[in-house]
Every structure is written in C-alpha cells, then in structure tokens.
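Trainee: Hi, could you walk me through this one? I'm new to it and would like to start with the basics.

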Amino acid sequence: MTNSQPRILLVEDNELNRDMLTRRLARRGFSVEVAVDGEQALNHVRSAAPDLVLMDMSLPVLDGYETTLALKSDPSTAQIPIIALTAHAMADDEARCRDAGCDDYATKPTDLDDLVLKMHALLGTDRQ
Ligand code: MN
C-alpha cells in the first residue's frame, strides 16, 4: 500500500481500552494519537486535524456528544468523520449519536474487522 497511514485520533478515557485499541489499529496500518477527555479531543482536532476521530461517548470533562456537537458545528472541523464508540445497548443510542453529528457508530467491545471497514469507508481508502 502506497498511501500514507491515515491519522486517527482515538478519544477514550479508559486506559486499558485506549492502549489495546491503539495497538490493534497500529497493526492495521493506522497512525493513532490519543486524547483522554472531550476537551483534549477538541484541542487536538483543532491543532492537528486528524483524518478521522474515534469517539468514546462516555468521557469526562466534555462527553462525546458535546464534543461531537462542538466539532460538527465548527466549519474548520465539521468535515472530519467521527465514529461513535459506545457500550450502551439501548435502542435509541445510535440515533442519539447520529443526532450529535457522528458519521457512524460502533458498539463496545469493539469488533475490529467491523470497525476497520467503517473507518475505510469514511476515509475513502481501500481495505488492506
Ligand atoms: Mn468512557
């Protein structure tokens, strides 16, 4: 693959989940940076403009819904795709994520093959 590695921001407050997903995505060819709360995520996206954001919706400081709304209402960051990551099993949870502006949705625990397909679809890149 000749494309440069897609630059991903993983926003996740749980250290174990964050480290595990970072390693697994790196093995799939993604360059992964991390933020541990919504405010860090806003600052990172505004300064580093990643290609895609993976957003845990349950976060301290600013939750994933508030953070997504802020990014999607700012013209300088609105075009960056966001995939919601949530452990919630409630039927209306996907709708709530999409209402906040998320482009796609994945449940935790993460099915990596499914997540990577969704990432490539939003990035417009081929599956490796
Ligand atoms: Mn969380």
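Mentor: Sure. One term before we start: a residue counts as buried when its relative accessible area is under 20%, and as exposed when that area is over 50%, with partly exposed in between. Also keep in mind that this is a predicted model.

Trainee: Okay. Let's try that on D56, then: buried or exposed?

Mentor: D56 is buried, because its relative accessibility is 3% and the cut-off for buried is under 20%.

Trainee: Where does D56 sit in the fold?

Mentor: D56 belongs to strand β3, which covers residues 52–56.

Trainee: And which residues does D56 touch?

Mentor: Leaving out residues up to four places away in sequence, D56 touches V11, E12, D13, G64, L85 and K108. With K108 there's a polar contact between the two side chains, at 3.1 Å.

Trainee: I see a manganese ion too. Which protein donors does it have?

Mentor: D56 is one of them: the protein donors are D13 (OD), D56 (OD) and S58 (O), at 2.1 to 2.2 Å from the manganese ion.

Trainee: How are those donor residues spaced in sequence?

Mentor: The pattern is D-x42-D-x1-S.

Trainee: How accessible is S58?

Mentor: S58 has a relative accessible area of 46%, so it's partly exposed. D56, on the other hand, is buried at 3%.

Trainee: Back to K108 for a second. What kind of peptide bond joins K108 and P109?

Mentor: A cis one, with omega at about 0°. Most peptide bonds are trans. P109 itself is in the loop that runs between β5 (104–107) and α5 (112–123).

Trainee: Any other backbone oddities I should look at?

Mentor: Look at A49 and V61. A49 isn't a glycine, yet its phi is positive, about 45°. V61 isn't a glycine either, and its phi is positive at about 75°. Most residues other than glycine have a negative phi.

Trainee: Where do I find A49?

Mentor: In the loop between α2 (38–48) and β3. A49 has a relative accessible area of 43%, so it's partly exposed.

Trainee: And V61, where is that?

Mentor: V61 is in the loop between β3 and α3 (64–72). With a relative accessible area of 58%, V61 is exposed.

Trainee: You mentioned α2. Which residues of α2 are buried?

Mentor: G38, A41, L42, H44 and V45. An α-helix has 3.6 residues a turn, so residues three or four places apart point the same way.

Trainee: What covers those buried residues of α2?

Mentor: The cover includes β1 (7–11), β2 (31–35), β3 and α3.

Trainee: What's going on at the start of α2?

Mentor: D37 is the one to look at there: one of its side-chain oxygens comes within 3.0 Å of the backbone nitrogen of E39. The D37 side chain also reaches the backbone nitrogen of Q40, at 2.7 Å.

Trainee: So is D37 buried or exposed?

Mentor: D37 is buried, because its relative accessibility is 14% and buried means under 20%. D37 lies in the loop between β2 and α2.

Trainee: Which residues does D37 touch further along the chain?

Mentor: Setting aside residues up to four places away in sequence, D37 touches V11, L59, P60 and V61. V61 there is the residue with the positive phi of about 75°.

Trainee: New topic: how many disulfides are there?

Mentor: Zero, from a search of the whole structure. C97 is in no disulfide, and the nearest cysteine sulfur, that of C102, is 5.1 Å away. Seen from the other side, C102 is in no disulfide either, and its nearest cysteine sulfur is that of C97.

Trainee: Why doesn't 5.1 Å count?

Mentor: Because a disulfide needs the two cysteine sulfur atoms within 2.5 Å.

Trainee: Are C97 and C102 buried or exposed?

Mentor: C97 is buried, with a relative accessible area of 0%. C102 is buried as well, at 5%.

Trainee: Last one: how many aromatic pairs does the structure hold?

Mentor: Zero. There is a ring worth finding, though: the charged end of R96 sits over the ring of Y65, 3.7 Å from the ring's centre.

How values were computed. Residues numbered from 1 in each chain as written. Predicted model: local features only at pLDDT ≥ 70, side-chain atom pairs only at ≥ 80, totals over all residues. Heavy atoms only, no water. Buried < 20%, exposed > 50% of the residue type's maximum accessible area, 1.4 Å probe, protein only. Helix = DSSP H or I, 4+ residues; strand = E, 2+ residues; numbered from the N terminus. Polar contact = N/O pair within 3.5 Å; in protein donor to acceptor, adjacent residues only side chain to side chain. Contact = heavy atoms within 4.5 Å. Phe/Tyr/Trp six-rings, centres within 6.5 Å; stacked < 30°, edge-to-face > 60°. Lys NZ or Arg CZ within 6 Å of the ring centre and 35° of its normal. Donors = N, O, S within 2.8 Å, 3.2 Å for Na, K, Ca; no water.
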